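Let's take a friendly walk through a protein structure, one stop at a time. Keep the picture beside you as you read.

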Amino acid sequence: MPFFPDIFGQALNGLSYGVLLFLLSVGLTLIFGMLDVVNLAHGSFYMLGAYAGLSLIAATGSFWLALALAPLAVGVVGAVVERTCLRPLYRRSPLDQVLLTFGFIYLFEDLVKWIWGGRIRSIPSPDLFSGSVTVFGATVPSYRLFVIAFGLAMAVALWLVIERTRLGAIVRAGVFDAEMTAGMGINIDRVFTWVFAGGAALAGLSGVIAGPIQSAYPPMGASILIPALIVVVVGGLGSLKGSLAGSLIIGQAETFGKAWLPGASMVIIYVVMALVLLLRPQGLFGRPLR
Amino acid sequence: MDQWTRRTFLGTATAAAASAAVGPWTRRASAQAAPLKIGLVLPYTGVYAVLGESITQGMELVFAREGWTVAGRKIEMIKEDDEMKPPVGVRKTEKLIDSDKVDILTGPVHSGILMGMRDKVHDSKTILIVSNAGADAISRERCSKWIFRVSFSNWQPCQPMGGWVAKNVSKEVFQIAPNYQAGKDMMGAFRETFVPAGGKMVAEDYPKLGETDYAPYLTKIKQSGAKAVFAFFSGSDAVNFVKQYDQFGLKQQIKLTGAGFLTEPDVLPAQGKSALGVITGHFYTPLLDNPTNQRFVKEFRYKFSGKMPDGFACQGYDTAEVIVRAVKAANGNTQDKDRLTEIIGALEFESPRGHFRFDPKTHNVIQPFIYVREVKEVAGGLNNVPIDKIADVRDPGTGCTLPA
């Protein structure tokens, strides 16, 4: 029978997984909300982040430096992709954009194989968080506690940027109505680039953060894309709050599903998504469908 | 007389054009002996590409030693990427058999591909040397006169470990493996000797193949009261599981044991020190001290820029050794397939893993030894050090009705 340390331990597991999903999905949902682009290559930015992190750790010997620099590098890649490839397609059908970002999955995967090879690699935990600790009878790797704290801090920081700054106001306006925002004299093209680069950088950041828990291998980006898309659907398109709520719900559902209903664990997140779509088609925090 | 349809017309026209185009060359080539065509159905892209690469390199080492000719026939390898997808693997198999008309087929890595290609191979009487896939059924109810396996059946590395773990590690074990046929096969094989030796299964779990977060399972293992874990994972699953097992602090309290793939050299570097102390059962480790293996390791590392051979490379080596020895014994005649299967079935030679021979009852290799290995730090980094061994491990072959 499940008892307290078990439940508490599993809740922490679910929280660390959910926070990781949040870092990944928040970029995806903002890009979708503002640019109206389903960026299927978002998982590739996650993979690029992990590999850039690997190289930066090898070069500098510091996990923390890699954590700071790898997202910047991925952000630059994101900006280039948006400026050169995505921009000409904004006036075309969404299918063209989906096709383009789908193509980028393969392009980035081959690029990674070409630069880093196909072997499975892994990022070691930073020395500071290499052990495990016992909290209320549940054993948790200290690195996972760091991930939880870091992810929640990022959520607060992102909320402050979006709700309390001018840039955030522009992004919110852009999500609501990009054309009208442009009509108010905002250079919406530049904001698009920033949002896309920012989303890519966040995906890169989650790639580095996930590195010590998971391994880095070329198809890693494609396998994480599905849960991230589910989070976006559950939380509501373009909503920061929705992305956080969706991530935490999916994180807990998947973790407790694996722990208590092992036979059904593969379908449980799809069940959650289907329930949300039935009861609230716009997602938990999405705008009502027009 | 049938009517000419568009398709038959096109087919005939294409064939005529093709034979006109290649005619002069085939005629010139037939003045000498035709090349020995060997088809390889292996993964050359994706996470499992490193396995396909190791197997291919093991084969190349033998063929290079023979100067790429056997019994006067030039050796020609035709490599096909199966992408670890059964439909693709089956399609490539059909291509190799029907269009390339290979003399001998080898591969695959994926058990699902092996099961998918089995009937095509059997019905077309193509000789297949299985170089990895361990599906037990191929040595049992789905065995075939034309199929030989040099690698292992899933049962082989796990069955002897049950008794060994019960005797030397603990009688209270938690089992965990990916949720697919090979995972279930291996866990079942372990129980065959574990339970009779007084072992008690505390619990078992089957995470999905390709799982990235094992935290929920690790918390369960921790709370279960088990004293040891028996696990089977490979590829990225093996890296994630072993790393996270260590991060959760379980390694010091609950001994981690498993099937050899858990710590093979394709995953060991990424696992790093997390893998120290993990005990696995496998038919091979590069540290074996027989002379054939010492020469194999030396030549392999010399040819492939310092790479340490793994079990997969040994499987490739033995695949090629079987082909070379059989074709030599048949004086280059691969047309008389009945005779060739008799020759292959009777082969015996020194392999890096020990004295190699097939079980006449199943055409599956009899493992000279299953080695119990522990990951330790040795010269050249982490490696699987043999600490014990179990001799002559042969699959029970239940349901296989090959003529003995």
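Leu288(B) is buried, because 20 other C-beta atoms lie within 10 Å of its own, and a residue needs 20 or more such neighbours to count as buried. Bear in mind as you look that this is a predicted model. Leu288(B) sits in the loop between strand S11 (279–282) and H10 of chain B. Which residues does Leu288(B) contact, leaving aside its neighbours within four places in sequence? They are Asn293(B), Pro352(B) and Pro386(B). Now look for Gly112(B), which is 176 residues away from Leu288(B) along the chain. The C-alpha atoms of these two residues are separated by 31 Å.

Try a second residue, Val322(B), which lies in helix H11 of chain B. Is Val322(B) buried or exposed? Val322(B) counts as buried, because it has 26 C-beta neighbours inside 10 Å. Its partner Val150(B) is 172 residues away in sequence, yet the two C-alpha atoms are 8.5 Å apart in space. Val150(B) is also in contact with Val322(B), as are Ile129(B), Ile344(B) and Leu347(B), once neighbours within four places in sequence are set aside.

Val322(B) also takes part in the packing of two helices. H11(B) packs with helix H12 (residues 337–346) of chain B, their axes 9 Å apart and at an angle of about 125 degrees. On the H11(B) side the contact is made by Val322(B), Ala326(B) and Ala329(B), and on the H12(B) side by Leu340(B), Ile343(B) and Ile344(B). Why are these helices described as oblique? Angles of 65 to 115 degrees count as roughly perpendicular and those over 145 as roughly antiparallel, so H11(B) and H12(B), at about 125 degrees, are oblique to each other. The crossing of this pair is right-handed.

Another pair in chain B is helix H3 (residues 86–99) and helix H4 (residues 111–123), whose axes come within 8 Å and cross at roughly 35 degrees. H3(B) passes H4(B) in a right-handed crossing. From H3(B), the contact uses Pro86(B), Gly89(B), Val90(B), Thr93(B), Glu94(B) and Ile97(B). H4(B) contributes Gly112(B), Ile113(B), Gly116(B), Met117(B) and Lys120(B). You have already met Gly112(B), at the far end of the 31 Å separation from Leu288(B).

Next, follow helix H2 (residues 49–65) of chain B. Its 17 residues reach 24 Å from the first C-alpha to the last, close to the 24 Å expected at 1.5 Å a residue. How many of the residues of H2(B) are buried? The count is 12 of the 17, so H2(B) is largely enclosed by the rest of the structure. Among the buried residues are Ala49(B), Leu51(B), Glu53(B), Ile55(B), Met59(B) and Val62(B). The buried residues of H2(B) pack against strands S1 (36–42) and S3 (73–81), and against helices H10 (291–303) and H11 (311–329), of chain B. Just after H2(B) comes Gly67(B), with a positive phi of about 65 degrees.

Chain A has an H2 of its own. The 19 residues of H2(A) should span 27 Å at 1.5 Å a residue, and its end C-alpha atoms are 26 Å apart, which agrees. Of those 19 residues, 15 are buried, so H2(A) is largely enclosed by the rest of the structure. Gly61(A) follows H2(A) and has a positive phi near 75 degrees.

H2(A) (residues 42–60) packs with helix H3 (residues 63–86) of chain A at an angle of about 135 degrees, with axes 8 Å apart. That angle makes H2(A) oblique to H3(A). Their crossing is right-handed. The residues that meet there include Phe45(A), Leu48(A) and Ala52(A) in H2(A), and Leu65(A), Leu69(A) and Val74(A) in H3(A).

Finally, step back to see chain B as a whole. Its secondary structure comes to 12 helices and 15 strands. A compact globule of 404 residues would have a radius of gyration near 22 Å, and chain B agrees with its 23 Å. The C-alpha atoms of chain B fill a box of roughly 75 × 50 × 40 Å along the principal axes. Buried residues make up 53% of the 404 residues in the chain. Among contacts in chain B between residues at least 6 apart in sequence, 71% join residues at least 24 apart.

Methods: Residues are numbered from 1 along each chain as its sequence is written. Chains are lettered from A and ligands numbered from 1 in the order in which they are written. This is a predicted model: local features need pLDDT of at least 70, side-chain atom pairs count only at pLDDT 80 or more; totals for chains, interfaces and linings use all residues. Helices (H or I, at least four residues) and strands (E, at least two) are DSSP runs, numbered from the N terminus. The expected span of a helix is 1.5 Å times one less than its number of residues. Two residues are in contact if their C-beta atoms, placed from the backbone, lie within 7 Å. The radius of gyration is taken over C-alpha atoms; the globule rule is 2.2 Å times the number of residues to the power 0.38. Axes are lines fitted to C-alpha atoms, for helices over the stretch in contact, and angles run from 0 to 180 degrees between N-to-C directions. Angles under 35 degrees count as roughly parallel, over 145 as roughly antiparallel, 65 to 115 as roughly perpendicular and the rest as oblique. A crossing is left-handed if the near helix is turned anticlockwise from the far one by less than a right angle, and right-handed if clockwise.
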